[in-house]
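Work through the exercises below with the model open. Try each task before reading its solution.

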Amino acid sequence: MNDKNNWQHLEDLEDLESNDTWDKVQNILKQIGKKIWLVLIVVLLAAFLFVNWRLSNARDRERSMEDKLKQNEEQLELQQQVIDGLRKRQKETESFIKDSIPVITSEQLKSELNSIQDLVTQQYIYTNADKYARNQTWIFGWERPFSQKTILVTYDGKITAGIDLKDVQPEVDEENHIITILLPASKIISNEIPQESITIVEVKDGLFNDVTLDDYNDFISDQKIKMENKAIERGLLTEADVQAKLVVTNFLSNMPGIGDPYVLTVETSKN
């Protein structure tokens, strides 16, 4: 009888241990499940931030491409306007069409080119903000303490570049029917900052050193030079040379005899 009771007691202990073990397993699984959910949330959040960052970069690139496309379209439109205007002038001044093989002289070419003179082939539109600061000088060139005056200004402007054709000397090889045009290097033709585009953000007078109209004018003049140098560094004159060569070639190609029998060569001076 005692053996039977002991055996029953052992079975009860085993059932109890089994139940405890299962409860522990369930608790461990619950903890693991919570950690997995936490990891999933972190991963999803990171994925969302990454996708949002990529979309933001894509939108920025799209806006940049749209701005470049718009600028290219404006340049093409400007070039077409120049070509159309030159063709119109040429039709008004043509007076030497002959039935026989035409003879082209350097004087005729120079006359045609002089009808163009200042040829604008490129433009550079800019927006900028800058600060003017000056101290009043004292004896021996020392700066007077607390005398600094400042102007903070924003503005818009437009630079045009092109060539002057009035001094071009065309060369004509009558024997071989070759025409050579050496164009001058492009230069800045105009740089305009419209008065209405200028915004004075801040003006501060120094001690016994007030901001004057001369300070304002000097600052705008300095800014024009600064923006011209910036435009040149970005290839304004180089691109103007390319466009000038293209425009002059297209313009003179409409003359009778250019192409047959005369061969036209247009080059740009390296100076």
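Four exercises follow, each with a worked solution.

The model is predicted: local features need pLDDT of at least 70, side-chain atom pairs count only at pLDDT 80 or more, and totals for chains, interfaces and linings use all residues. Residues are numbered from 1 along each chain as its sequence is written, and side-chain values use heavy atoms, with hydrogens and water left out.

**Exercise 1. The length and faces of helix 3**

Task: Check the span of helix 3 (residues 213–233), then sort its residues into buried and exposed.

Solution:
- Step 1. Helices (H or I, at least four residues) and strands (E, at least two) are DSSP runs, numbered from the N terminus.
- Step 2. The expected span is 1.5 Å times one less than the number of residues. For the 21 residues of helix 3 that gives 30 Å, and the end C-alpha atoms are 31 Å apart, which agrees.
- Step 3. Buried means under 20% relative accessible area, exposed over 50%, partly exposed in between (1.4 Å probe, protein chains only). The buried residues of helix 3 are Asp215, Tyr216, Phe219, Ile220, Gln223, Met227 and Ala231.
- Step 4. Seen down the helix axis, these buried residues fall within an arc of 135°, so they line one face of helix 3. The arc is taken from the directions from the helix axis to the C-beta atoms.
- Step 5. An α-helix has 3.6 residues a turn, so residues three or four places apart point the same way.
- Step 6. On the other side of helix 3, Asp214 and Glu233 are exposed.
- Step 7. The cover over the buried residues includes strand 1 (118–134), strand 2 (149–164), strand 6 (199–204) and helix 4.
- Step 8. After helix 3 comes Gly235, with a positive phi near 90°.

**Exercise 2. Aromatic pairs**

Task: How many aromatic pairs does the whole structure hold?

Solution:
- Step 1. Rings of Phe, Tyr and Trp (its six-membered ring) pair if their centres lie within 6.5 Å; planes under 30 degrees apart count as stacked, over 60 as edge-to-face and the rest as tilted.
- Step 2. The search finds three pairs.
- Step 3. The ring centres of Tyr132 and Phe219 are 5.8 Å apart and their planes stand at 70°, so this pair is edge-to-face.
- Step 4. Tyr132 is in strand 1 and Phe219 in helix 3, so the pair ties together parts 87 residues apart in sequence. Both residues are buried.
- Step 5. Tyr124, Tyr126 and Tyr155 are linked into a cluster by ring pairs.

**Exercise 3. The largest nonpolar core**

Task: Which element supplies the largest share of the largest nonpolar core?

Solution:
- Step 1. A nonpolar core is a set of buried Ala, Val, Leu, Ile, Met, Phe, Trp, Tyr and Cys residues joined through side-chain atoms within 4.5 Å.
- Step 2. This core has 25 residues; Leu183 and Val248 are among those touching the most other members.
- Step 3. Helix 1 (2–93), helix 2 (106–114), strand 4 (178–183), helix 4 (236–252) and strand 7 (263–268) each supply at least two residues.
- Step 4. Helix 4 gives the largest share, five residues.
- Step 5. A second, separate core has 18 residues, including Tyr124 and Ala231.

**Exercise 4. Two polar residues**

Task: Are Thr268 and Gln123 buried or exposed?

Solution:
- Step 1. Thr268, in strand 7, has 18% relative accessibility and so counts as buried.
- Step 2. Contact means heavy atoms within 4.5 Å. Beyond four places in sequence, Thr268 touches Leu182, Leu183, Pro184, Ala185, Asp241 and Lys245.
- Step 3. Gln123, in strand 1, is buried at 17%. Its contacts beyond four places include Gln75, Leu78 and Leu236.
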